[in-house]
Amino acid sequence: METQYVYNMHVNAHGKVDRITKVWHSAWAAAQVGWSPPTNVPACAEHLFHACESGKGWHEVKTYCTCDATFDAQAEPLKDIKTVHGYAEWMKGIAVAAMPGSHYILNSCAFDTKTNTATFFGTFRGTHTGRLEGFPEPTHKSMETQYVYCMHVAPCGKVDRITKVWHSAWAAAQVGWTPPTSIPIDAER
């Protein structure tokens, strides 16, 4: 295989490279050796991601998932939410009521054709300026939190399961919802 590429390197004030960007036509290069190009993320999963993160709620999210789609997260504020319906409404409360003007960035996404799973890595940013039942009074503090969604796409072409991986305690501490906690480390391990 012969392939062309360009590296753009940024040198900081100390004379060290602190950022590299590679410009490369990876699909062309992969085709030269018979590799399959990356599979596109199904539109239903991508639309669902954007609808959830922008706080559209169940009214819009339901278009992209099965009516009984399940939700799972090992995150304290989400521990009792078991459906995508419930999660979409929770996100609507966060994005629209508790943190009006919040926004998100989709850092990357991928689709595994063997497991029919779409994966999204995002960053959510917001400032707690609004009121939402069950939450503290506005703290006017901001958060920037990263998370990953794994969405299973059913044979019908809609999402039927979402798992969210998120460090909720980190996010909550940024906006003053809970005191920061630390886990003691056993020095002998």
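**Exercise 1. What percentage of the contacts in the protein with a separation of 6 or more do residues 24 or more positions apart account for?**

Solution. Begin with the basis of the values: this is a predicted model, in which local features need pLDDT of at least 70 and side-chain atom pairs count only at pLDDT 80 or more, while totals for chains, interfaces and linings use all residues. Residues are numbered from 1 along each chain as its sequence is written, and side-chain values use heavy atoms, with hydrogens and water left out. Next, take a contact to mean heavy atoms within 4.5 Å. With that meaning, residues 24 or more positions apart account for 55% of the contacts with a separation of 6 or more.

**Exercise 2. List the helices and strands of the protein in their order.**

Solution. Helices (H or I, at least four residues) and strands (E, at least two) are DSSP runs, numbered from the N terminus. There are five helices and seven strands, and from the N terminus on they run β-β-α-α-α-β-α-β-β-β-β-α.

**Exercise 3. Describe the open sheet and the helices that touch its strands.**

Solution. Two strands pair if DSSP finds at least two bridges between them. Five strands form an open sheet in the order 3-7-6-5-4, with mixed pairing. Its edge strands, each pairing on one side only, are strand 3 (65-73) and strand 4 (103-112). Within the sheet, strand 6 (residues 142-153) and strand 7 (residues 159-166) run antiparallel and are joined by seven bridges, and histidine 152 stands opposite arginine 161 in strand 7.

Now turn to the helices, where angles run from 0 to 180 degrees between N-to-C directions of lines fitted to C-alpha atoms, for helices over the stretch in contact. Helix 2 (residues 43-53) packs on the sheet, and its direction makes about 150° with that of strand 6. Helix 4 (residues 84-98) lies across strand 3, strand 5, strand 6 and strand 7, at about 70° to strand 3.

**Exercise 4. Which residues form the nonpolar patch on the surface, and how does valine 17 count there?**

Solution. Tyr5, Tyr7, Met9, Val11, Val17 and Ile20 form the patch, with about 590 Å² of accessible area together (Shrake-Rupley method, 1.4 Å probe, only the protein chains shown counting as cover for residues). Such patches take residues with over 30% relative accessible area and no salt bridge (a side-chain nitrogen of Lys or Arg within 4 Å of a carboxyl oxygen of Asp or Glu), joining nonpolar side chains (Val, Leu, Ile, Met, Phe, Trp, Tyr) within 5 Å and like charges within 9 Å. Strand 1 gives the most to the patch, with four residues. Valine 17 lies in strand 2, and it counts as partly exposed because its relative accessibility is 44%, where buried means under 20%, exposed over 50% and partly exposed in between.

Conventions. Buried < 20%, exposed > 50% of the residue type's maximum accessible area, 1.4 Å probe, protein only.
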